[in-house]
Amino acid sequence: MGRESTIKINAVNLHKSFGGNNVLRGVNLEVREGESMVVIGGSGSGKTVLIKCIIGLVRPDEGEIYVDGLGISSLNERRMNEVRKKFGMLFQWGALFDSMTVWENVGFGLRYQKNLGTGEIKEIASEKLALVGLKNVEDLMPADLSGGMRKRVSLARAIAIEPEILLYDEPTTGIDPIMADAINELIIQMKEKLQVTSIAITHDMKSAYKIGDRIAMLYQGEIIEVGTPEEIKRSPNPIIQQFIEGKSEGPIKMVDPSLLIIPSRHTRHEER
Amino acid sequence: MQEVGVRSFPVVMITAAFTGMVLALQSFTGFKRFGAETMVGTVVALSVTRELGPVLTGLMVSGRVGSAMAAELGTMRVTEQIDALYTLATNPINYLIVPRFLATAIVLPILVIFADVIGILGGYLVSVQILGANPTFYTRRTWNYLEFNDLFSGLLKAFFFGMIIATISCYQGFSARGGAEGVGQATTKAVVLSSLAILISNYFITVLFF
């Protein structure tokens, strides 16, 4: 208790709308250095928008994001690029560059940032691929890889520049359960070996409990609760309980209940 | 540059050849009505270098290369590859668009030079072999009235058309949204808008010269 931790990323009062849709309505989130924060929430709750605000892909309408104390939402592109060098991001579907080989993808950040020779880049790429459990894939094209492999290559690409902060957009979604757990393990390893701060967004609760030091729930554009996995499991908030238990009934209305009433053949007979 | 130029070469050459040929045929038969059939060589040369070379090459390339660029960039956009570039501290405009822009602007005039030559040759073949014109007279007529400005205006047009194709197609691809349908729409718009822009700017550039 009371261990002083620096705040690595601080989102303050973020608002963002697209068209008439108010996606983020005053999001506040603090992520401490070295911690693994998991943001959970329903589909369309704004998790991806939040993570894109953090890395500057989306500018918030209101509010500010502080990375190592520096406010980023009004930086120009050049300065934003400098800040981005602290980040590595794993996209939901990998977002690998399909015109390049695996090693060219993994080494991409190195080529354009640190002026290394091709041979050296390929070596580092192999190293990072080994860290994510892949061998002999360097010369393949992304189209030749399975979904799980693509995610791992994408992770290798994100860590190649040895960033301080890793962002994971739905890391286990769309992957078979065994591979999903392998990815959970990788995320934990990244934290331990590389000492990164990480933010993962997911709706996979098993993954969230496993990889998160703290979990935050995004609901209707706001963070309604933050806590350790234990605290979240015991949360008295019915909204949280409905989500983590995965029940279709409860305060969160994803499906209009009146649509679920299907007229039975019995009643139709009566009408005749 | 290889993608834009070398791969477009066959399409452009076929277009140029047949255009030159039909131009000669039409001019001959048309001019014969008032006895001006000896002017065919000149007409072909001027038309091809000033107009048909640059414009038709531009349209063919816009269809071939413009659609490819829009599709490529559009696919990258909807699969988050462009976002990925940002996260790797790379400016996608410098990395993706500038090279395509330069390649197209440089290669199009080169293609048009070849197109001009083939077009004129096509006209020659039709006139001399099929319509029975005298080769010496025809050749002389072709070159006599051809001025530097004819060729130069054509090449300048090609340069602008190249820039137009690249700009419009890359922009469409870059702003594609919404999956495969978005990419398809971006591709179509790229070709249609580039073609229109070529035809419209063609008029204004011509006004500048003549």
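Student: At what angle do helix α2 (residues 40-78) of chain B and helix α4 (residues 92-130) of chain B pack, and how far apart are their axes?

Tutor: In this predicted model, the two helices pack at an angle of about 145°, with their axes 7 Å apart. Two packed helices are described by the angle between their axes and the distance between the axes.

Student: Is the crossing of α2(B) and α4(B) left-handed or right-handed?

Tutor: α2(B) passes α4(B) in a right-handed crossing. The residues of this contact divide into 16 nonpolar, 9 polar and 2 charged.

Student: Turning to chain A, what makes β4 (residues 62-67) and β5 of chain A count as paired strands?

Tutor: Two strands pair if there are at least two bridges between them. β4(A) and β5(A) are joined over 2 bridges in the antiparallel sense, so the condition is met. In β5(A), A:Leu70 is the bridge partner of A:Val67.

Student: In what order do the strands of this open sheet lie?

Tutor: The order of the 4 strands is β2-β1-β4-β5 in chain A, and the pairing is antiparallel.

Student: Why are β2 (21-32) and β5 (70-71) of chain A called edge strands?

Tutor: Each of these strands pairs on one side only. Helix α1 (residues 47-54) of chain A packs on the sheet and touches β1 (7-18), β2 and β4 of chain A. The direction of α1(A) makes about 125° with that of β1(A).

Student: How many residues of chain A are in contact with chain B, and with how many residues there?

Tutor: There are 16 residues of chain A in contact with 11 residues of chain B. A contact here requires C-beta atoms within 7 Å. On the side of chain A that touches chain B, the elements that give two or more residues are α2 (77-84), β6 (87-90) and α4 (108-114) of chain A. α4(A) gives the most, with 4 residues.

Student: How do the residues on that side of chain A divide by character?

Tutor: They divide into 10 nonpolar, 3 polar and 3 charged.

Student: What share of chain A is called buried?

Tutor: Buried residues make up 41% of the 272 residues in chain A. The term applies to a residue if 20 or more other C-beta atoms lie within 10 Å of its own.

Student: What describes chain A as a whole, in secondary structure and in extent?

Tutor: Its secondary structure comes to 11 helices and 10 strands. The C-alpha atoms of chain A fill a box of roughly 80 × 45 × 40 Å along the principal axes. Of the contacts in chain A with a separation of 6 or more, 64% are between residues 24 or more positions apart.

Technical notes. Residues are numbered from 1 along each chain as its sequence is written. Chains are lettered from A and ligands numbered from 1 in the order in which they are written. This is a predicted model: local features need pLDDT of at least 70, side-chain atom pairs count only at pLDDT 80 or more; totals for chains, interfaces and linings use all residues. Two residues are in contact if their C-beta atoms, placed from the backbone, lie within 7 Å. Axes are lines fitted to C-alpha atoms, for helices over the stretch in contact, and angles run from 0 to 180 degrees between N-to-C directions. Ala, Val, Leu, Ile, Met, Phe, Trp, Tyr, Cys and Pro count as nonpolar, Asp, Glu, Lys and Arg as charged, and the others, Gly among them, as polar. A crossing is left-handed if the near helix is turned anticlockwise from the far one by less than a right angle, and right-handed if clockwise. A residue is buried if 20 or more other C-beta atoms lie within 10 Å of its own, exposed if 12 or fewer, and partly exposed in between; C-beta atoms are placed from the backbone.
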